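Hi everyone, thanks for making time this morning. I'd like to walk you through one model, so please pull it up and follow along with me.

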Amino acid sequence: ARGAMAPFAVGAVLDEVRAILAPVAEEKGLAFEVQGGVSGARVGRAAALQRVLLNLATNALKFTPRGGVTVRA
């Protein structure tokens, strides 16, 4: 089922967000950092969390003229 709850590693989601958006930040000349001290598995919707983080971070990169963007979890 779409959006089924399942165990997932938050760190893996953060790594995916970093991999997707680092080239975007580099192209704009911005620093981009993803920080997460979350270990272990959580139960939830990994795809939904990734979508939300990508949306927030993409908007931050889009509207940041200089400096950098940091995502913390």
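**A walk through the model**

Let's begin at Gln 50, which touches Val 13, Glu 16, Val 17 and Ile 20, leaving aside residues up to four places away in sequence. Before I go on, please keep in mind that this is a predicted model.

So where does Gln 50 sit? It lies in helix H2. And is Gln 50 buried or exposed? Its relative accessibility is 17%, and buried means under 20%, so Gln 50 counts as buried.

Now let me zoom out to the whole chain. It holds two helices and four strands, and if you read along the sequence you meet them in the pattern β-α-β-β-α-β. The C-alpha atoms fill a box of roughly 40 × 25 × 15 Å, taken along the principal axes. Of the 73 residues, 26% count as buried, and Gln 50 is one of the buried residues. The accessible surface of the chain comes to about 4,900 Å², and carbon and sulfur atoms account for 56% of that surface.

How much of the contact in this chain links residues that are 24 or more positions apart? Among contacts with a separation of 6 or more, such pairs make up 85%.

Back to the helices, please. Helix H1 covers residues 10-28 and helix H2 covers residues 46-62. Their axes come within 10 Å and cross at roughly 25°. Angles under 35 degrees count as roughly parallel, and therefore H1 and H2 are roughly parallel to each other. As for the hand of the crossing, H1 passes H2 in a right-handed one.

Which residues meet there? On the H1 side, the list includes Val 10, Val 13, Leu 14, Glu 16, Val 17 and Ile 20, and further along Leu 21, Val 24, Ala 25 and Lys 28. On the H2 side you'll find Ala 46, Leu 49, Gln 50, Leu 53, Leu 54, Ala 57, Thr 58, Leu 61 and Lys 62. The residues of this contact divide into 14 nonpolar, two polar and three charged. Our friend Gln 50 belongs to this contact.

Stay in H2 for a moment and find Asn 55. At 47% relative accessibility, Asn 55 counts as partly exposed. Asn 55 and Val 17 are 38 residues apart in sequence, and their C-alpha atoms are 10.0 Å apart in space.

If you follow the chain past H2, you come to Arg 66, in the loop between H2 and strand E4. Is Arg 66 buried or exposed? Its relative accessibility is 70%, so Arg 66 counts as exposed. The C-alpha atoms of Arg 66 and Pro 23 are separated by 15 Å, with their positions 43 residues apart along the chain.

Next, the strands. Strand E4 runs over residues 68-72, and Thr 70 lies in E4. With a relative accessibility of 38%, Thr 70 counts as partly exposed. What does Thr 70 touch, not counting residues up to four places away in sequence? It touches Glu 33 and Gln 35. For Gln 35, the C-alpha distance to Thr 70 is 7.3 Å, across 35 residues of sequence.

My last stop is Ala 31, in strand E2, which covers residues 31-35. Ala 31 is partly exposed, with a relative accessible area of 48%. Setting aside residues up to four places away in sequence, Ala 31 touches Gly 67, Gly 68 and Val 69. Now compare that with Ala 48: the two are 17 residues apart along the chain, and their C-alpha atoms are separated by 25 Å.

To pull this together, we have two helices and four strands, with H1 and H2 roughly parallel and Gln 50 buried in the contact of H1 with H2. Thanks for listening, and I'm happy to go back to any residue you'd like to look at again.

Methods. Residues numbered from 1 in each chain as written. Predicted model: local features only at pLDDT ≥ 70, side-chain atom pairs only at ≥ 80, totals over all residues. Heavy atoms only, no water. Axes fitted to C-alpha atoms, helices over the stretch in contact; angles between N-to-C directions. Parallel < 35°, antiparallel > 145°, perpendicular 65-115°, else oblique. Left-handed = near helix turned anticlockwise from the far one by under 90°. Contact = heavy atoms within 4.5 Å. Nonpolar A, V, L, I, M, F, W, Y, C, P; charged D, E, K, R; others polar. Buried < 20%, exposed > 50% of the residue type's maximum accessible area, 1.4 Å probe, protein only. Areas by Shrake-Rupley, 256 points an atom, 1.4 Å probe, with all protein chains shown as cover.
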